[in-house]
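Visitor: Hello! Could you walk me through this structure, one step at a time?

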Amino acid sequence: MTYDDVLYHAAELAGRTRDKLPLGEAAMLRAFLAVYYRQAWRRAWWPESVVDPEKVTVTNRRFTKREGTATEMGDIVGVYDRDPLATTLFTPLPFEERNGEVLVLDPAAEVYVEYQAPAPELLGLTAAALSATVIPRRFAAALALNAAGHLLQADLTTAAQGQSYLRMADDALAEEQNSVVTPEHWIRVRS
């Protein structure tokens, strides 16, 4: 599903003609979609957006999250002494995130880090890149409902429908979150 698919669905939900959306409303929808997409992304560890464990060298009990680079680490899911996808004989290591670095609380020269990729930034993309951006199917309905709800709330005559869409968006996202099959090794991280 592409960004345009979600945008057109949001326009239709708001009672707009999808291919003749006024520029101002298209810009509003883009802003609503961008903000809610980042919120949805950060709401949970979505298995399809979590990068396989990466071997990282630790110096002075720290490693960098490479913020601002193409290989930036997003939210850290877990730090392990061994690759949890290659063996069951791994131990989750305690860690703290500070100022773009991860402090590993147990001494280790190398660790395996699992992280959720950073949330995609929709606002900085060109129109062509934005149109082709793939949106995970699990977010599509919630994003469209949320954007349409915000657009409808701007008009007193449709504010109640907008509020209803906003609740439906949150319910749809919660349903997606509840349907996530949690990998077994994540349960060990959380306990």
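Guide: Gladly! One term to begin with: two strands pair if DSSP finds at least two bridges between them. Please keep in mind that this is a predicted model.

Visitor: Which residue in β6 stands opposite Val 79?
Guide: Let's start from the strands. β3 covers residues 75-80, and β6 covers residues 110-116. These two strands pair in the antiparallel sense over 5 bridges. Across from Val 79 in this pairing stands Val 113.

Visitor: What is the order of the strands in the open sheet of 3 strands?
Guide: The edge strands are β1 and β3, since each pairs on one side only. Neighbouring strands are turned by 25° against each other on average, direction ignored. With antiparallel pairing, the order is β1-β6-β3.

Visitor: How are the rings of Tyr 37 and Trp 41 arranged, stacked or edge-to-face?
Guide: Both residues lie in helix α2, 4 residues apart, or about one turn of the helix. Their ring centres are 5.9 Å apart and their planes stand at 85°. Planes over 60 degrees apart count as edge-to-face, so the pair of Tyr 37 and Trp 41 is edge-to-face.

Visitor: How many residues apart in sequence are the parts that Tyr 80 and Phe 90 tie together?
Guide: Their rings have centres 5.4 Å apart and planes at 90°, so this pair is edge-to-face. Tyr 80 lies in strand β3, while Phe 90 lies in the loop between β3 and β4. The pair therefore ties together parts whose separation in sequence is 10 residues.

Visitor: Is Phe 90 buried or exposed?
Guide: Buried means under 20% relative accessible area. Phe 90 has a relative accessible area of 4%, so Phe 90 is buried.

Definitions and conventions
Residues are numbered from 1 along each chain as its sequence is written. This is a predicted model: local features need pLDDT of at least 70, side-chain atom pairs count only at pLDDT 80 or more; totals for chains, interfaces and linings use all residues. Side-chain values use heavy atoms; hydrogens and water are left out. Axes are lines fitted to C-alpha atoms, for helices over the stretch in contact, and angles run from 0 to 180 degrees between N-to-C directions. Rings of Phe, Tyr and Trp (its six-membered ring) pair if their centres lie within 6.5 Å; planes under 30 degrees apart count as stacked, over 60 as edge-to-face and the rest as tilted. Buried means under 20% relative accessible area, exposed over 50%, partly exposed in between (1.4 Å probe, protein chains only).
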